[in-house]
Amino acid sequence: MNILGDKFFMNEAFKEAQRAMEEGEVPVGAVIVSNNIIIARAHNQVETLNDPTAHAEMLAITSATNYLGSKYLENCTIYITLEPCMMCASALNWSKIGKIVYAAEDEKNGFMKYGKSVLHPKTNLEFGIMGEESSMLLKDFFKEKR
């Protein structure tokens, strides 16, 4: 049961996305929740770390698995401000994450164009919570870059 609610946790992920934007990174944020407690927070750090794999989800997975001392996150939910790419969806699959909640769709690079089958069969999926806010943050970021 999620006492605090999906909106609360997505808002926490959104704060991470805002941090990414302040650091000149593509504004994507993620939090991982276990038993109604945030056990990992991350935002994109591709530019900062000079690492193409330093997506918010990847960093959050590493942090959460270290926190739990387990490579599996089957009792956890990840909240992400943007639909995961194939790399991140595959990592979430391998982690056996219990639930994925993402805000904005990513028609160009999102995993859903390949279908939900890229996820672990027991992973639940939800999307759209704070989708408009997350989309606007991304649009503002790329408008500034052009």
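User: Why is the contact between the side chains of Lys15 and Glu12 called a salt bridge?

Analyst: In this predicted model, the N to O distance between Lys15 and Glu12 is 2.9 Å. The cut-off is within 4 Å, from a side-chain nitrogen of Lys or Arg to a carboxyl oxygen of Asp or Glu. A Lys and a Glu at 2.9 Å meet that rule, so the name salt bridge fits.

User: What separates Lys15 and Glu12 along helix H1?

Analyst: About one helical turn, because they sit three residues apart in H1. In general, an α-helix has 3.6 residues a turn, so residues three or four places apart point the same way.

User: How do you know whether Glu12 is buried or exposed?

Analyst: Check its relative accessibility, which is 8%. Buried means under 20%, so Glu12 counts as buried.

User: And what about its partner, Lys15: buried, partly exposed or exposed?

Analyst: Lys15 comes out at 41% relative accessible area. Partly exposed covers what lies between under 20% and over 50%, so Lys15 is partly exposed.

User: What makes Asp6 and Lys99 a salt bridge?

Analyst: Same kind of check. Their side chains meet at 3.7 Å, N to O, and the limit is within 4 Å, so the pair qualifies. This one links distant parts of the chain: Asp6 belongs to helix H1 (residues 6–22) and Lys99 to strand S4, 93 residues apart. Asp6 has a relative accessible area of 17%, so it is buried by the under 20% rule.

User: Which residues are linked with Lys99 in a network of salt bridges?

Analyst: Asp6 and Glu126. The side chains of Lys99 and Glu126 meet at 2.9 Å, N to O. That pair also joins distant parts of the chain, with Glu126 in strand S5 (residues 124–127), 27 residues from Lys99. At 30% relative accessibility, Glu126 counts as partly exposed.

User: How many salt bridges does the structure hold?

Analyst: Seven.

User: On to helix H4. Which of its residues are buried?

Analyst: In H4 (residues 86–95), they are Cys88, Ala89, Ala91, Leu92 and Ser95.

User: Why do you say the buried residues of H4 line one face of the helix?

Analyst: Look down the axis of H4: the buried residues fall within an arc of 160°, so they line one face.

User: What do the buried residues of H4 pack against?

Analyst: Helix H3 (56–68), strand S3 (76–82) and strand S4 (99–104).

User: Which residue just after H4 takes a positive phi?

Analyst: Lys96, with a phi of about 55°.

Methods
Residues numbered from 1 in each chain as written. Predicted model: local features only at pLDDT ≥ 70, side-chain atom pairs only at ≥ 80, totals over all residues. Heavy atoms only, no water. Buried < 20%, exposed > 50% of the residue type's maximum accessible area, 1.4 Å probe, protein only. Helix = DSSP H or I, 4+ residues; strand = E, 2+ residues; numbered from the N terminus. Arc of directions from axis to C-beta. Contact = heavy atoms within 4.5 Å.
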